[in-house]
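Here is a friendly walk through one model, written for someone who likes to check geometry against coordinates. Keep the viewer open as you read.

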Amino acid sequence: MKKTVIAALCGTIAGVVLTTQVAGPMIAQDASKNATVYEQLDLFGDVFERIRAQYVEDVDTKKLTEAAINGMLTSLDPHSSYMDAKAFADMNTQTRGEFGGLGIEVTMEDGYIKVVSPMDGTPADNAGIKSGDFITAVDGVSVQGMVLDAAVEKMRGPIGSEIVITVVREGVAEPFDVSIIRDTIKLVAVKSRLVGNTGVLRITTFNDQTYPGVEAGIKKLVEEAGGMDKLNGFVIDLRNNPGGLLKQAILTSDAFLNEGEIVSTRGRDAKDSSRENATPGDLAMGKPLVVLINGGSASASEIVAGALQDHRRAIVVGTKSFGKGSVQTLIPLKGEGAMRLTTARYYTPSGRSIQSLGVMPDIVVNQPVVDPNAKGTEAAAADKEGKQRSEASLPGAISNDSMTEDEKKQLEEDRARTEEAAKLRDEDYQLAYAADILRGLSAVAPKQ
């Protein structure tokens, strides 16, 4: 209305007449909408009072009100919900990197709790819970039909106490029970290690510790390698990373970009839209990057993967990510609680939304599921076969008398690297594949 009136005042007489003709029906329409809203609120009040007066047992009006608010929010989408004072405090604690629980990120699907990803080194991870598992019961009580927060609350409890969850897993014929001991979850957001000449940054979550952890991890890897020039690149491992703080995803992406858009968010109203851009400075100094993702990589992980992929700064390897492309805003409410409300969708630099679609890797690499016993046998057989076909293994083979001491040393180092690569391929096929890509890129790169 305000914009219409301003346009009319600045326009011609005809413009004023046109505005007058349109304003009448618009006012009537707004009044009709308000009347409908008041009628619905009256209906809510009537139901509320009927429950208080006639329900078979006395009810706690505070809990009843909170349940009504939560029901209203959870009807919108799986990520909007109401948090009472305790849940809100737990949320704030979690973003600081330490909290109590099982160590799993979950969502609601088909009336059941679905595991987005277990967090590294947590009780759930140690118990063998996997991304994609469905939790159908907690301590023998079905969670079907519960709102997400209520089901999560059932999984919380005193540190050191036991919980038994019933799991349905694809490829397993029958549901099975898993016993887990609750513990304090201390998240180390970033872990670093050298694999040959490749620096690996394993990012498990996006909390207040993430970007500082990336900075410290790169510095540590450079020192261990003996200088940036000794590294052939970095693997950023985002597998089973359920996301977290949007700001940390932006900072992590910016760590490897010099310019350009990182992510944009678009709300219901155009004025609520925003765009985040990279600032000069690449912590990796232009070294090649490989980003590892899978079905447990969600939200903030997808922002990082999508930004680096769209800028052709990294090769994305693995399997399709989870596909959570929405932004939730925490809005504090009276009584020290808060509501988590979906307020926007986010878009990668190329303008694509990954909501329900996920980030598709440039190179699809499945993590093979192999019987551990068979794996050992097959590896041993392959190793034996390889040695039998080697010239050096033939009886009476003549030695190489032209090798210098430096060449012999280089040969031993190459053998050690080959054995390490073979071992890594057995332990983590996707990570080994990522390291191979960087090794291959360095082999064909122009010499500095």
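Let us begin with a pair of helices. The axes of helix 8 (residues 246-254) and helix 9 (residues 300-310) come within 9 Å and cross at roughly 25°. Helix 8 is therefore roughly parallel to helix 9, a label given to angles under 35 degrees, with over 145 counting as roughly antiparallel, 65 to 115 as roughly perpendicular and the rest as oblique. The axes are lines fitted to C-alpha atoms, for helices over the stretch in contact, and the angles run from 0 to 180 degrees between N-to-C directions. Helix 8 passes helix 9 in a right-handed crossing, meaning that the near helix is turned clockwise from the far one by less than a right angle.

Which residues of helix 8 and helix 9 meet? On the helix 8 side they are Leu246, Ala249, Thr252 and Ser253, and on the helix 9 side Ala300, Ile303, Val304, Ala307 and Leu308. By class, this contact has seven nonpolar, two polar and no charged residues. Contact here means heavy atoms within 4.5 Å. For the classes, Ala, Val, Leu, Ile, Met, Phe, Trp, Tyr, Cys and Pro count as nonpolar, Asp, Glu, Lys and Arg as charged, and the others, Gly among them, as polar.

The buried residues of helix 8 are Gln248, Ala249, Ile250, Thr252, Ser253 and Asp254. They pack against strand 11, helix 7 (210-225), strand 13, strand 14 and helix 9. Buried means under 20% relative accessible area, exposed over 50%, and partly exposed in between (1.4 Å probe, protein chains only).

A word on what you are looking at: this is a predicted model, in which local features need pLDDT of at least 70 and side-chain atom pairs count only at pLDDT 80 or more, while totals for chains, interfaces and linings use all residues. Residues are numbered from 1 along each chain as its sequence is written, and side-chain values use heavy atoms, with hydrogens and water left out.

Stepping back, the protein chain has 12 helices and 19 strands; these are DSSP runs numbered from the N terminus, helices being H or I of at least four residues and strands E of at least two. Buried residues make up 36% of the 448 residues in the protein chain. Among contacts between residues at least 6 apart in sequence, 66% join residues at least 24 apart.

Now for the charged pairs. A search of the whole structure finds 17 salt bridges, each a side-chain nitrogen of Lys or Arg within 4 Å of a carboxyl oxygen of Asp or Glu. The table lists some of them.

| Pair | N to O distance | Separation along the chain |
|---|---|---|
| Arg169 and Asp133 | 2.7 Å | 36 residues |
| Arg202 and Asp237 | 3.6 Å | 35 residues |
| Glu261 and Arg275 | 3.3 Å | 14 residues |

Arg169 lies in the loop between strand 7 (162-168) and strand 8 (176-181), while Asp133 lies in the loop between helix 5 (123-126) and strand 5 (134-138). Arg169 counts as buried at 17% relative accessibility, and Asp133 is buried at 2%.

Next come Arg202 in strand 11 (residues 198-203) and Asp237 in strand 12 (residues 233-237). Arg202 is buried, with a relative accessible area of 12%, and Asp237 is buried too, at 5%.

Glu261 sits in strand 13 (residues 261-267) and Arg275 in strand 14 (residues 274-277). Is each of them buried or exposed? Glu261 counts as buried at 12% relative accessibility, whereas Arg275 is exposed at 51%. Elsewhere, salt bridges that share partners join Asp120, Arg202, Asp237, Arg239 and Asp428 into one network.

Val168 is worth a click as well. This residue belongs to strand 7 and is partly exposed, at 31% relative accessibility. Leaving aside neighbours within four places in sequence, Val168 is in contact with Asp133, Phe134, Thr136 and Pro175. The C-alpha atoms of Val168 and Thr136, 32 residues apart along the chain, are separated by 7.1 Å.

Finally, a look at backbone angles. Met285 has a positive phi of about 55° although it is not a glycine; its place is the loop between strand 14 and strand 15 (289-293), where Met285 is exposed at 63%. Ser356, also not a glycine, has a positive phi near 65°. Ser356 is found in the loop between strand 18 (338-347) and strand 19 (363-364) and is exposed, with a relative accessible area of 58%.
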